[in-house]
Amino acid sequence: MDFKNLYKLSSDEILAGSFGIEWESLRAKGDGELSLTPHPAIFGDKLTNPVVTTDFSESQIEIITPALGTIDEAFDTLSLLSDLVNASLPEDEYLWFQSIPCILPYWDQIPIAQYSEEGEDSQKYREDLAKKYGVKKQMISGVHFNFSFTEDFIVKLHELEGSELSFQEFKNDVYLKIARNYLRYCWLIIYLTGCSIGSHKTFSNDCLHLMDECDNYGSYYSTRGPSFRNASCGYKNLKELYPSYESVDAFTRDIEKFIENGDLSEAKELYTQIRLKPKHPKDLLNSLRNDGIEYIEIRTLDINPFYKCGLVRHDMKFLHMFLIYMLLKDESDYPLWQKEANINEENTAEKAYVDSMRLLRDGEEVTLKSWAAEIINEMFGMCEVLGIDEQHTLNLMLKRIANPELTYGKRLLELIRKDGYINTHMILSKNNKQTSINNLKNLDHINRADYEKYVNIALVGK
C-alpha cells in the first residue's frame, strides 16, 4: 500500500500525533569513573516513579516523558526533567553525556538494578542479560523516541484509501510500512545524529579494536565513523535475527520461533532500530496480535553531549518528518533487504567518514552522500506538497551531508583530540549540570507550572 491519499489531508492532521522520549544516562563521578552508589533516594522507588527510574544498572538513570501532543511539548518536558535530575545529583556526581560508558570498574562491581519483591522478575531478567551479553555492554545508553499518529488521522486515511481491511489491520499496516522503511534507511539517522566515537580502555575490547586512534589518558577513538553504539560492537543480539514485518501475525510467529530456538529469552530481548509497541507491553506478543500496534519506538539516537538533555530539538523535528516520509516512500522488493540494511547500518556507524565506503542499495553500491542528498531532496518535495514548513531543518541536514565536519561526531572528534575522551565528556557533563542548575534558578512564568507539576513527580524526596 502506498498511502498516497495522505496528500488529501491537511498538514495539521498529518503532523498531529503522540510523542514521548526516553533517555538513559550513566551517573559518573567528577573524575569520570562510574558512580557505584544506589539509585538516588530523592527519586523514590524506581518501580513506581513514572518519569525517573533506572535501566539496567543502579548507576544508569532513565528519564521518561509522558506521551505528549507535540514534539515541542515532549522536548520541553524532557529538558525540564533533565534539569531536575541533573541538579538533584550529589555535588560530585554528573549525568554522563555519552552513549559509550565512562570509566568502568571490574565487571563484577557494576551494580545491576536492585528491586523489591515486586520487581523480582525485572531483576532476574537483568541478571540473565548480564550473563548472556556481559555487564559492560549493558552500560551502553541512548535516547528512544516514541511516536504514533492520532486515531483521527488513521480513521480519515483509512476512509480515503477505501481499504477493505479492518481499522486495526489498516493501522497495523501503517506502522509496519514505517518499520520496514525505517530499517532500510536508518543509516541516515545514524550519520546525522551519531555521536559515540570513543571509548575508555575499561570498556569492551571488540569496540576498542575498531578505533584507529588513542589519547594519552587510557582511551581510544575513531576518525572514521560517527556511532560505535550502532556499530557491530554495540549492544546487539548474539545472532542476526530478521523477523517478518509483513503482518503482525507473521512478526509474532517469528519472534515465538526465536524464543523456542533459544535465541531470545522473551520478545523484548529483540534489539532492533525500531520496535512495534503494543497496548499491553507485559504481554507483548498476545497484545500485538489482539490489540494491534499502539505506537513505534525509534532506538537509533545516540546521547548528544552538546545539549543538556542529550538531544537537540531540530533533530527530533527531522525524525518526525522522516517517519512521515517512511510512510510515503515506495518500497523495494529486494529480497535480502534486512541483511542489506544491517550492513548499511554498521558500515555507516563505523566508516561514514571514509570516502571509499559504499552503501548497498538493492545489491548495488552507492555513495552515502549521493543517496542521503536524494532522500533529503525527496523530503523537501514531500513537505512542499503537504504544506509542512520544515525547510530550515532539512537545510541543516543537507549541510551535514555535504560537509561531515558539521556532524556531531566530527565536532566531538576535535574536542577528544584536544582533551581526550574522558576529559572532554567530563567538561561537557559539568557544563550541562551547571546549565541545569542555572535554569532552575531562573524559571520564567511559562515553565513555572510545569516545574511545579514535575517536581512533585520526579523528586519524590522533596
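1. Let's start with His-144. Leaving out residues up to four places away in sequence, His-144 touches Gly-20, Ile-21, Glu-22, Glu-24, Arg-229, Glu-297, Ile-298 and Arg-299. You'll find His-144 in strand β5, which covers residues 143-149. With a relative accessible area of 6%, His-144 is buried, because anything under 20% gets that label. Arg-253 is another matter: it sits 109 residues from His-144 in sequence, and the two C-alpha atoms are 25 Å apart in space. Keep in mind as you read on that this is a predicted model.

2. Next, the nonpolar cores. Which residues have the most contacts inside the largest nonpolar core? They are Phe-145, Phe-149, Ile-178, Leu-188, Phe-318 and Phe-322, in a core of 102 residues. Helix α6 (residues 167-193) gives this core its largest share, 15 residues. Apart from this core lies another one, of 36 residues, including Ile-103, Ile-140, Ala-349 and Leu-428.

3. Try clicking on Ile-178 to see some of those contacts. If you skip residues up to four places away in sequence, Ile-178 touches Phe-149, Ile-274, Ile-296, Leu-323, Met-326 and Leu-327. Phe-149, one of these partners, is also listed with Ile-178 among the residues with the most contacts inside the largest core.

4. Now for some helix pairs. Two packed helices are described by the angle between their axes and the distance between the axes. For α6 and α12, the angle is about 100° and the axes are 11 Å apart. That makes the two helices roughly perpendicular, because angles of 65 to 115 degrees get that name. On the α6 side the contact uses Tyr-185, Trp-187, Leu-188 and Tyr-191, and on the α12 side Leu-368, Trp-371, Ala-372, Ile-375 and Ile-376. Sorted by class, the residues of this contact are nine nonpolar, no polar and no charged.

5. Helix α12 (residues 368-386) also packs with helix α13 (residues 391-402), at an angle of about 170° and with the axes 10 Å apart. Are α12 and α13 roughly parallel or roughly antiparallel? Roughly antiparallel, because the angle is over 145 degrees. From α12 come Lys-369, Ala-372, Ala-373, Ile-376, Asn-377, Met-379, Phe-380 and Cys-383, while α13 brings in Gln-391, Leu-394, Asn-395, Met-397, Leu-398, Ile-401 and Ala-402. This contact has 11 nonpolar, three polar and one charged residues. Ala-372 and Ile-376 of α12 are worth a look, as they appear in the contact with α13 and also in the contact with α6.

6. The pair α8 (residues 248-260) and α9 (residues 284-291) has axes that come within 9 Å and cross at roughly 165°. These two helices are therefore roughly antiparallel to each other, and their crossing is left-handed. The α8 residues in the contact are Val-248, Asp-249, Phe-251, Thr-252, Ile-255, Glu-256 and Ile-259, and they meet Leu-285, Leu-288 and Arg-289 of α9. Here the mix is six nonpolar, one polar and three charged residues.

7. Have a look at the loop between β2 (52-54) and β3 (60-64), where Ser-57 sits. Ser-57 counts as buried, because its relative accessibility is 0%. Not counting neighbours within four places in sequence, Ser-57 is in contact with Ile-110, Pro-111, Ile-112, Ala-113 and Met-139. From Ser-57 to Val-135 you go 78 residues in sequence, and the C-alpha to C-alpha distance is 9.1 Å.

8. Phe-56 is found in the loop between β2 and β3 too. At 3% relative accessibility, Phe-56 also counts as buried. With neighbours within four places set aside, Phe-56 is in contact with Ile-112, Ala-113, Arg-126, Ala-130, Val-135, Gln-138 and Met-139. Ile-112, Ala-113 and Met-139 are on the contact list of Ser-57 as well. The C-alpha atom of Thr-393, 337 residues along the chain from Phe-56, is 34 Å from that of Phe-56.

9. Finally, two backbone angles to check. Phe-3 has a phi near 55°, a positive value in a residue other than glycine, and Asp-362 has a phi near 55° too. Phe-3 lies in the segment before α1 (11-15), whereas Asp-362 is in the loop between β11 (359-361) and β12 (364-366). Which of them is buried and which is partly exposed? Phe-3 is buried, at 1% relative accessibility, and Asp-362 is partly exposed, at 38%.

Definitions and conventions. Residues numbered from 1 in each chain as written. Predicted model: local features only at pLDDT ≥ 70, side-chain atom pairs only at ≥ 80, totals over all residues. Heavy atoms only, no water. Axes fitted to C-alpha atoms, helices over the stretch in contact; angles between N-to-C directions. Helix = DSSP H or I, 4+ residues; strand = E, 2+ residues; numbered from the N terminus. Parallel < 35°, antiparallel > 145°, perpendicular 65-115°, else oblique. Left-handed = near helix turned anticlockwise from the far one by under 90°. Contact = heavy atoms within 4.5 Å. Nonpolar A, V, L, I, M, F, W, Y, C, P; charged D, E, K, R; others polar. Core = buried A, V, L, I, M, F, W, Y, C linked by side-chain atoms within 4.5 Å. Buried < 20%, exposed > 50% of the residue type's maximum accessible area, 1.4 Å probe, protein only.
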